[in-house]
Amino acid sequence: MLSERGLQIVENLIENNHKPITSKTLAMCLGVSERSVKTYIKEVSDFCKEHDMVLERKPGIGFVAEFTREQIEEVNRLKKDKKLVMSKRQRMSYIMYILLSGWDTYTLSLFSEELNVSKKIIGDDIDTISKELEKYNIHINRVAGHGVFITGDEFSIRKAMKSYCAYGIGNKSIEKSSDCRIRVEEEELWINNFGQDNFVKSVEAIHLVEQQNKVAYTDYSFRMLAEYLCIQLFRTRMGNVISQDILKGGEAVRNPEIVKSVVDKLNEIGKVPLNEFEQQYIDILFASADIQVNNDKYNAGAMKNAENDNSKICRDMLEYLSEILNVNLMDNYLLITSLESFLPASFVRTAYGIEVTNPFLGDIREMYSGIFAACFTLSRFYEQYSKAIPTDHEISFLALFIGGALHRNVKSVRAVLIGTSGLAAANIVARKIENKIENVKIVAILSSEKINYLEDYECDIILSMIPNIGYEKKTVYISPIISKNDEKNIRDRCFEVLSHPELKKKGFSDLIDLNYILFVKEKMAKEEVLKKACKILYENGYVKKEFFDDVMKREKIEPTAIGSGVAIPHGMPENVCEPKVFVIRLSHPVNWGNKMVDTIFLLALNFNNITTTKVFFRDFARILGSEDKIGRIRKTTNITEMERTLKEELHWN
């Protein structure tokens, strides 16, 4: 039988089913030490064996659960038997669903009875929900003798439903999805939350548009359209309609033909006519959708303002990013055409707060972590053309395009291999390295006796099976078996060679110093930590007083956690007086937009200043691309050690 903590671990494994999750991540999610997780994982492993549930431990990767739907349902029954009906996130999702659906008769007592928790816990959940909904300008009202209900505009309520109704209310199951672009779990969720009738009509409407216009929507766009249309029908059939203009800046409907086709199809339900504002809603959704074929009509339709020259914006973004990453992205035709196709719909989504989900977000954070962080600087273009901040999913698509382009633009990294047991064995290791890491070219193989001749060879890196040979800035120490960790370390160093040549950093080492490094031992909320750091920056003339409010505003719109337990909060350029990076290390990780964070880089940087931005992000990518380097930073125990370690890893000595 599982303990409560063991059951919490199983819940996290279910939420990451088929995806790896490390003991460190589990510890951060549960708010316990990694040692505690390792204690309970034996219990979880035994439970999985008893129930024929596949749970693999992959060294260097994490735990990977391969649970079937039946096994997940069995766990849910166990939770009910143990009176642990829902996790906090599930409870909050249920409460949000009830409130956003328009119920106004629910009381704390009724929620308490249904969810089998105390009224105090329900009250705490609603307080948390209230803060979450602030970003949509939706307010929760509690009226004595009446109940709990929300107030807000209809468009915002629908966007909140898309974000927060993440658990199914009904129990209808399906065997196969109605379109290969939709996962079975998603279809079940939408059917159970918004009704099968609404779902079927939504998918039929999208298929009709594709057939009439000879286009195919991308996977993520198709799912976005299906869910938002489902929500539209669900809300309108309950009598909740948009009653005011939602198009920005006096825009006209972009694609009236598409709107008419969709309205005609949805009206087949015959319950609620879709007024002119509901038709604007449909227009915005389809302008927010990316297609899988190049069709100028629909690309142009997404961003109608003639001043927003898509090709020029694309070139400006790539020039800016080329400077930061120190690579030439301007000659990559595939990257340019992909970005030109992606940007119009992305700008519309950002302007109207329409969310798409990048299923590879976690992988992108891991594979292209440095590029992902650098792409945050492209927010300035979104703020200029969309007047809004892009989500991390939009940023991750940009990082995917850029990372893929860099991967295709392979250059050779010249390496000298130093072996320990003769040239024959070293030759085997050399071939193994070249086969596994395509951009490494072994230019020489030396025995331990020949180390003194290293200077005779032109090379970018040294791969040594012998410890402590010197040449530390060039050397990667490896084992003869070339483990996964060896591969990762070699790739990290190759990335540095290709994207991060040595710079003249005179003056930039001052971006980080002892006075702006903070170790927080006690438990503090995210807002408290940032307020304390911003106050220090303000008092010393680095930022304006408005900087803190600006940082928090950005965090409410889109949290800046970028993976690996790291966050990079930042404010508007006009509120930065002098560049500075404030480093904060937390003993107790905090929830940062549903990601646990223990290392914070508060960036008081003017992203319009290409020199400062280039130097910081070029070297910052070096840290984010390596778990070892992040690990070294985490192990520091005082500000002096932190400063020294950061500057070593940034190569700012």
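D46 and K42 form a salt bridge in this predicted model. Their closest N and O atoms are 2.8 Å apart. Both residues belong to helix α3, which spans residues 34–50. They sit four residues apart in that helix, so about one helical turn separates them. D46 is partly exposed, with a relative accessible area of 29%. K42 is exposed, at 52%. The cut-off for exposed is over 50%, so K42 falls in that class with its 52%.

A second pair is also found within a helix. The side chains of D124 and K120 meet in a salt bridge, with an N to O distance of 3.1 Å. Helix α7, residues 119–133, holds both partners. D124 and K120 are four residues apart, and therefore separated by about one helical turn. D124 has a relative accessible area of 35% and is partly exposed. K120 reaches 59% relative accessibility and counts as exposed.

The next pair involves two helices. R235 forms a salt bridge with E154, and the closest N and O atoms lie 2.8 Å apart. This contact links distant parts of the chain. R235 is in helix α11 (residues 219–237), whereas E154 is in helix α8 (residues 154–164). The two residues are 81 residues apart. R235 and E154 are both buried. Buried means under 20% relative accessible area, so both R235 and E154 fall below that limit. The pair is also part of a network of salt bridges, in which E154, R158, R235 and E278 are linked. Side chains of opposite charge can pair when their charged atoms come close. Across the whole structure, the search finds 37 salt bridges.

Internal space was examined as well. The count comes to four cavities of 30 Å³ or more. The second largest cavity holds about 60 Å³ of space. Its lining is made up of F376, S379, I389, P390, R554, E558, P559, T560 and H570. By class, the lining of this second largest cavity divides into four nonpolar, three polar and two charged residues. Pro counts as nonpolar, so P390 and P559 of the lining belong to the nonpolar class. Arg and Glu count as charged, so R554 and E558 supply the two charged positions.

How values were computed. Residues are numbered from 1 along each chain as its sequence is written. This is a predicted model: local features need pLDDT of at least 70, side-chain atom pairs count only at pLDDT 80 or more; totals for chains, interfaces and linings use all residues. Side-chain values use heavy atoms; hydrogens and water are left out. On a 1 Å grid over the protein atoms alone, a cavity is a set of points where a 1.4 Å probe fits but cannot get out, and a pocket is an open set with protein on both sides within 12 Å along at least five of seven lines; lining residues have an atom within 4 Å of a point. Grid points are joined across faces, edges and corners, and a volume is the space filled by probe spheres set on the points. A salt bridge is a side-chain nitrogen of Lys or Arg within 4 Å of a carboxyl oxygen of Asp or Glu. Buried means under 20% relative accessible area, exposed over 50%, partly exposed in between (1.4 Å probe, protein chains only).
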